[in-house]
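The exercises below are meant to be worked through with the structure open beside the text. Try each task before reading its solution.

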Protein chains: 4
Amino acid sequence: MTALTTEEAAGHPNGSAVGRIVLGRNQYGKAEVRLVKITRNTDRHAIEDLNITSQLHGDFESAHTEGDNSKVVATDTQKNTVYALAKDGVGSPEAFLLRLGAHFTESFDWVTGGRWAAEQYGWDRINDHDHAFSRNKSETRTAVLLVEGARQHLVAGIQDLTVLKSTGSEFHGFPRDRYTTLGETTDRILATDVTARWRYSTTNTIDVDFNAVYASVRGILLDAFATTHSLALQQTMFQMGKKVLEAHPEIEEVRMSLPNKHHFLVDLAPFALDNPNEVFFAADRPYGLIEATVEREGATDESAVWANTPGFC
Amino acid sequence: MTALTTEEAAGHPNGSAVGRIVLGRNQYGKAEVRLVKITRNTDRHAIEDLNITSQLHGDFESAHTEGDNSKVVATDTQKNTVYALAKDGVGSPEAFLLRLGAHFTESFDWVTGGRWAAEQYGWDRINDHDHAFSRNKSETRTAVLLVEGARQHLVAGIQDLTVLKSTGSEFHGFPRDRYTTLGETTDRILATDVTARWRYSTTNTIDVDFNAVYASVRGILLDAFATTHSLALQQTMFQMGKKVLEAHPEIEEVRMSLPNKHHFLVDLAPFALDNPNEVFFAADRPYGLIEATVEREGATDESAVWANTPGFC
Amino acid sequence: MTALTTEEAAGHPNGSAVGRIVLGRNQYGKAEVRLVKITRNTDRHAIEDLNITSQLHGDFESAHTEGDNSKVVATDTQKNTVYALAKDGVGSPEAFLLRLGAHFTESFDWVTGGRWAAEQYGWDRINDHDHAFSRNKSETRTAVLLVEGARQHLVAGIQDLTVLKSTGSEFHGFPRDRYTTLGETTDRILATDVTARWRYSTTNTIDVDFNAVYASVRGILLDAFATTHSLALQQTMFQMGKKVLEAHPEIEEVRMSLPNKHHFLVDLAPFALDNPNEVFFAADRPYGLIEATVEREGATDESAVWANTPGFC
Amino acid sequence: MTALTTEEAAGHPNGSAVGRIVLGRNQYGKAEVRLVKITRNTDRHAIEDLNITSQLHGDFESAHTEGDNSKVVATDTQKNTVYALAKDGVGSPEAFLLRLGAHFTESFDWVTGGRWAAEQYGWDRINDHDHAFSRNKSETRTAVLLVEGARQHLVAGIQDLTVLKSTGSEFHGFPRDRYTTLGETTDRILATDVTARWRYSTTNTIDVDFNAVYASVRGILLDAFATTHSLALQQTMFQMGKKVLEAHPEIEEVRMSLPNKHHFLVDLAPFALDNPNEVFFAADRPYGLIEATVEREGATDESAVWANTPGFC
């Protein structure tokens with residue numbers, strides 16, 4: 001059925017010399033715990049709406065190899081813990097994940113770390129009402145905390161923030177080979193869904209106002225997208241990340257994943273109509289996909305948090 | 001707005017000492033190129049249905065920093081290349097990705113590697129008809145190729161394969177703390193959506209029948225799920241991976257991400273009815289999430305391919 | 001802000017003569033009750049997996065106008081009832097909906113009817129195992145029951161059954177106007193997602209083997225799609241419905257909604273390659289949408305059930 | 001395989017007396033034409049972003065029964081027409097659908113009517129920028145036009161507008177039967193996704209500022225949700241519709257479909273914590289589903305437009 005190369009087969013005669021099969025990296029927990037926290041100490045209520053995932057790292061080998069659950073903190077227990085800790089307030093997704101991480105690593109000797117993640121959904125007041133809200137769906141706030149023993153890696157982010165420029169975007173000067181048919185353009189629509197994540201430089205003794213940084217980064221990303229005259233989505237993306245790092249010394253790196261959402265100019269010539277960049281077909285698939293890290297020179301080594309955070313190169 | 005810790009602030013007075021901001025790892029290309037290839041050299045047609053993503057790695061710094069596109073092989077060109085190469089046949093997603101990777105790295109000096117990924121969708125013949133088919137949606141086949149200079153990392157996979165055991169699953173013996181309310185059980189429904197990826201041990205001189213391996217691994221995963229009397233989903237998962245590795249020496253490691261899709265026994269007692277594991281509520285969220293790598297002892301270092309492959313620890 | 005036509009404004013001076021505002025048609029209940037029923041009277045288990053919606057019709061005016069809930073059978077109670085009745089078995093979605101409808105209309109004087117709907121998901125045994133299954137996701141079975149006093153309207157259906165012919169489909173002879181650019185073809189891919197619903201001619205004293213009819217109709221739809229040489233998707237659709245009605249006298253009408261899922265031949269000429277119907281781009285949007293009713297001549301008047309069943313003309 | 005009741009079988013002996021099988025109601029066209037129109041007659045651009053479906057009614061019988069396409073205005077032609085007409089501007093989804101309907105019914109003798117539908121997506125300016133926008137995803141605007149000969153039925157709507165009250169909602173006084181377990185409450189979260197559609201009373205000589213009415217109705221719905229002290233979602237819904245009709249004499253009826261998105265208070269007692277309406281679990285399924293029409297007394301007969309507009313009773 002399969003035929004390995006000579007070199008490979010020599011190493012594994014009959015498959016018998018392939019070595020013992022063992023458990024590698026692993027994690028487990030409860031995913032997508034939907035938490036709504038109402039703060040109601042006055043008549044003017046506040047709402048925090050999150051989707052939280054808790055996963056533990058540690059010594060769980062016997063559960064895998066023998067079905068021994070004596071160290072398996074039940075995923076149901078992890079869910080209960082999320083709700084119990086929320087009684088004291090959330091504050092920000094980052095702060096809440098830090099509390100969850102501390103709780104689990106301090107409560108169980110064999111839990112050496114873990115991964116905690118959150119999405120937060122925004123709500124606006126309806127006409128400044130005290131307790132009536134409407135969901136602001138224009139973006140989702142994200143956070144991921146990875147704890148490895150004494151090390152903490154904290155990443156915040158924004159996703160699904162859809163932006164578009166109706167002019168101020170060019171694309172030309174690219175190489176042409178046998179398979180190139182695309183024309184050059186000095187005026188096109190540029191549109192993308194911003195997914196960005198930024199990693200904080202230290203988290204052990206963190207004293208950052210995470211909500212303020214989120215608002216600031218969001219504003220910088222929008223402004224940089226709007227004001228950069230674009231020669232390539234790569235260029236716009238780099239400017240977006242660079243401006244975030246310039247304004248926020250507490251951020252070590254920014255990773256972005258930006259689809260190039262194509263808007264094709266419709267050919268109206270068969271109908272005896274011109275189309276000076278007015279009527280477009282918004283395509284679904286395929287789309288360009290532009291991804292990069294923008295970081296400080298001499299950045300520390302790759303953080304382990306990224307191994308568990310999808311969508312980035 | 002933000003207040004760093006003393007140690008941190010000392011390193012970055014006024015944010016001026018944070019260093020030059022530079023481009024880190026990056027990739028770009030065309031995502032989700034929907035390709036349907038009909039092989040029709042006889043009246044009995046065959047269909048291959050794929051969704052392909054091509055992303056290049058290499059020297060693209062000036063595009064980011066200066067908007068210089070002179071090395072930016074257009075994503076449109078990458079799409080065209082997918083269709084042009086498909087004219088000669090697909091064969092398997094793995095083989096097709098290897099052709100794409102070779103094409104791009106050989107065609108452009110500054111392209112040092114890249115990431116190519118595919119999903120493949122299955123079709124069954126309708127009543128053994130020569131050219132009429134129905135989509136088999138019960139699973140999706142996946143493949144990812146990462147090329148880094150002379151190194152190739154090839155991962156194949158299956159996803160969205162939903163399985164369920166109506167008995168033969170227990171869960172007890174787990175630790176109890178302040179936040180534990182879950183009861184123990186010796187008979188529960190066990191259900192999951194299998195997402196598994198397996199990495200081939202060598203790909204430079206690959207001579208594997210990828211379609212045959214896919215069919216075999218799929219069968220092993222299903223069989224191991226069905227026949228393992230489960231004390232924990234972790235145990236079932238480990239058996240699934242172990243049996244794949246035992247049967248396939250050409251596979252170096254298997255990574256799985258398995259949601260524990262909870263089926264809660266409905267309490268019918270208020271209605272004066274018993275419920276001996278017959279009537280269940282299938283819950284959406286939250287769900288358990290169990291993830292692990294099963295590998296050969298003394299496995300080589302972490303493959304870089306995983307940094308770009310979401311959903312695995 | 002708004003300016004009505006003279007005729008209209010005359011009827012509603014100052015908006016004061018527009019008449020009292022009243023409650024019109026209404027219904028309420030619990031939607032998407034996820035029910036998994038295991039039949040385990042022998043070691044060979046069976047599984048039924050459904051998603052059930054229950055909505056009541058009747059005298060609920062005071063709940064709307066005054067917030068008087070004295071007649072509002074709680075949606076939670078409706079959910080409980082679904083689970084309690086499932087204890088005695090499901091059998092088929094149609095039979096189960098008939099039991100739900102009878103229960104609610106017989107239990108509450110003011111409930112004069114209602115709408116009950118179900119989706120059923122298929123499961124295959126893994127290697128003929130007694131209690132291990134894998135989800136067959138290739139289609140979804142549907143049923144809707146509308147009760148209006150003594151009248152019952154019962155509709156069964158299938159949806160998301162994706163089919164494709166790689167040849168045996170033409171499209172030409174259509175009219176050409178100023179806005180027509182489409183070329184004629186004698187060989188194209190024809191692909192669609194079958195959504196079909198069939199209405200039973202009587203349901204008060206129903207004695208139909210619903211599972212057998214479902215299997216038969218499914219087979220007829222697939223066979224008719226495969227064997228009809230197609231000059232238009234309309235023609236294929238009509239044949240599909242006609243053959244169902246010919247085989248099933250207990251069915252009064254069939255309604256179908258079929259997207260024409262375009263597969264565009266890729267132009268490989270710029271790459272010096274021909275493309276004799278081999279390499280296609282599978283497009284997402286837009287798509288054709290072809291919908292019709294196939295019925296017996298002199299059919300009874302429009303059934304009220306369709307007012308609540310989306311996706312049909 | 002099937003066994004009809006005696007009465008039924010008598011009418012259809014051997015299935016031979018069931019009558020000729022004929023084409024019933026039908027429609028066809030192009031669905032989900034994604035149109036982005038940039039108005040750029042000054043440096044301050046405007047964007048209109050729509051998803052349009054065009055379906056024709058008329059004499060298409062021979063296409064179904066014989067595959068004769070001589071009257072089948074190609075769906076591709078319908079798509080082209082959408083783009084060509086957009087060159088002259090969109091204005092509002094309602095106005096654009098009226099233009100489409102007039103075009104098709106005037107251009108082809110055998111086209112007696114049709115159904116045209118649109119979704120419109122909102123965009124906000126980024127920092128009041130002239131040509132940079134971000135998508136406002138908090139709601140979707142909808143419109144449906146049904147033309148039947150000389151009659152036009154025009155419906156506008158809003159969907160996916162998610163709202164929540166953290167107090168000011170009660171639910172009690174409902175009947176209790178064998179299957180009732182729900183407790184009564186005088187303080188609960190009330191949350192829903194508003195889907196509302198309003199039908200204009202006349203459209204033949206329409207002179208309504210559709211954008212102004214949309215903004216007004218949206219505001220009324222939000223305000224009525226926020227300010228109604230709720231004893232049942234039915235009551236809140238009725239108030240929402242009533243206030244729209246009171247303010248807008250040009251609207252004949254309002255139909256709403258409101259899920260009751262359950263937020264369950266988490267029981268923290270096992271952890272020795274109280275929970276005075278602070279910590280909630282936001283459930284996915286099942287959910288309540290409350291639907292009604294609010295209309296003027298003595299309203300005209302049921303409009304045919306509703307037969308094609310899903311999600312309403």
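**Exercise 1. Two helices of chain C**

At what angle do helix 3 and helix 4 of chain C pack, and how far apart are their axes?

Solution. Keep in mind throughout that this is a predicted model. Begin by finding residues 75-86 of chain C, which form helix 3, and residues 93-107, which form helix 4; the two pack at an angle of about 125°, and their axes are 11 Å apart. Next, classify the angle: values from 65 to 115 degrees count as roughly perpendicular and values over 145 as roughly antiparallel, so helix 3 of chain C is oblique to helix 4 of chain C. The crossing of helix 3 of chain C past helix 4 of chain C is right-handed. Finally, look at the residues that make the contact, where helix 3 of chain C contributes Thr81(C), Val82(C) and Leu85(C), while helix 4 of chain C contributes Arg99(C), Leu100(C) and His103(C). Sorted by character, the residues of this contact comprise 3 nonpolar, 2 polar and 1 charged.

**Exercise 2. Chain D against chain A**

Determine how chain D is related to chain A, and describe the surface through which they meet.

Solution. Start with the superposition: chain D falls on chain A, with an RMSD of 0.0 Å, after a rotation of 180° with 0.0 Å of shift along the axis. This is therefore the relation of a two-fold axis. Among the residues of chain D, the one that comes closest to the rotation axis is Lys137(D), whose C-alpha is at 2.6 Å.

Now turn to the contact itself, in which 47 residues of chain D meet 46 residues of chain A. Strand 4 of chain D gives the most to the side that touches chain A, with 7 residues, and that side as a whole holds 24 nonpolar, 14 polar and 9 charged residues. Because 98% of the interface residues of chain D are also interface residues in chain A, the copies meet through the same surface.

As a last step, follow strand 4 of chain D to strand 5 (residues 151-165) of chain A, with which it pairs in the antiparallel sense over 3 bridges. Here Ala132(D) of strand 4 has Lys165(A) opposite.

**Exercise 3. An uncommon backbone value**

Where in chain C does Asp128(C) lie, and what is its phi?

Solution. Asp128(C) is in the loop between strand 3 (111-125) and strand 4 (132-148) of chain C. Its phi is near 60°, which is positive although the residue is not glycine. Most residues other than glycine have a negative phi.

How values were computed. Residues numbered from 1 in each chain as written. Chains lettered and ligands numbered in written order. Predicted model: local features only at pLDDT ≥ 70, side-chain atom pairs only at ≥ 80, totals over all residues. Contact = placed C-beta atoms within 7 Å. Helix = DSSP H or I, 4+ residues; strand = E, 2+ residues; numbered from the N terminus. Nonpolar A, V, L, I, M, F, W, Y, C, P; charged D, E, K, R; others polar. Pairing = 2+ DSSP bridges. Axes fitted to C-alpha atoms, helices over the stretch in contact; angles between N-to-C directions. Parallel < 35°, antiparallel > 145°, perpendicular 65-115°, else oblique. Left-handed = near helix turned anticlockwise from the far one by under 90°. Least-squares fit on C-alpha atoms with pLDDT ≥ 70 in both.
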